[in-house]
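Hi there,

Here is the structure I promised to pass on. Have a look at it first, and then read my notes below.

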Amino acid sequence: AELEEIARRAATLASNIPPHVHLYGNLQPVEVEPQPIKVQKQLHPGWVASRQNKPDMRSLWKQEEQQPEVCNTRGVALYSRPSAQAVA
């Protein structure tokens, strides 16, 4: 642990170098290539037009197409547990 602390302090001192100090003098300059211009995606006009439409719940179902109610909550309220003779 003591050796790790000594190494940590040495690394901290080595990394806190002022910016104007040049540590490496023989480095080749880096050639910066211009970045390519990003092309905007071309979207199909039909897709863009369909995205402009707001969703409408009536388009999902129609009241006249609904089936009559099969189950209702009245049966839950009137439910009574069957007797052992009725189950057997």
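How many helices and how many strands does the protein have? Keeping in mind that this is a predicted model, the count is four helices and zero strands. Followed along the sequence, the pattern reads α-α-α-α.

Next, the surface. The protein has 88 residues, and buried residues account for 0% of them. About 10,100 Å² is exposed, with carbon and sulfur atoms supplying 57% of that area.

There is also a nonpolar surface patch to look at. Ile17, Val21, Leu23, Tyr24 and Leu27 make it, and it covers about 520 Å². One of its members, Tyr24, sits in the loop that runs between α1 (2-15) and α2 (45-52). Is Tyr24 buried or exposed? Its relative accessible area is 63%, and exposed means over 50%, so Tyr24 counts as exposed.

The loop between α1 and α2 also holds His44. With a relative accessible area of 58%, His44 is over the 50% cut-off and therefore exposed as well. Its side chain has a partner in the backbone: a polar atom of the His44 side chain lies 3.0 Å from the backbone nitrogen of Gly46. Gly46 falls within the range given for α2 (45-52), so if you display His44, please show Gly46 too; the polar contact cut-off is 3.5 Å, which is why I list the pair.

Happy to hear what you think once you have had a look.

Best wishes

Conventions:
Residues are numbered from 1 along each chain as its sequence is written. This is a predicted model: local features need pLDDT of at least 70, side-chain atom pairs count only at pLDDT 80 or more; totals for chains, interfaces and linings use all residues. Side-chain values use heavy atoms; hydrogens and water are left out. Patches are made of residues with over 30% relative accessible area and no salt bridge: like charges are joined within 9 Å, nonpolar side chains (Val, Leu, Ile, Met, Phe, Trp, Tyr) within 5 Å. Accessible areas come from the Shrake-Rupley method with a 1.4 Å probe; for residues, only the protein chains shown count as cover. A salt bridge is a side-chain nitrogen of Lys or Arg within 4 Å of a carboxyl oxygen of Asp or Glu. Helices (H or I, at least four residues) and strands (E, at least two) are DSSP runs, numbered from the N terminus. Buried means under 20% relative accessible area, exposed over 50%, partly exposed in between (1.4 Å probe, protein chains only). A polar contact is a pair of N or O atoms within 3.5 Å; within protein, one must be able to donate a hydrogen and the other to accept it, and residues adjacent in sequence count only if both atoms are side-chain atoms.
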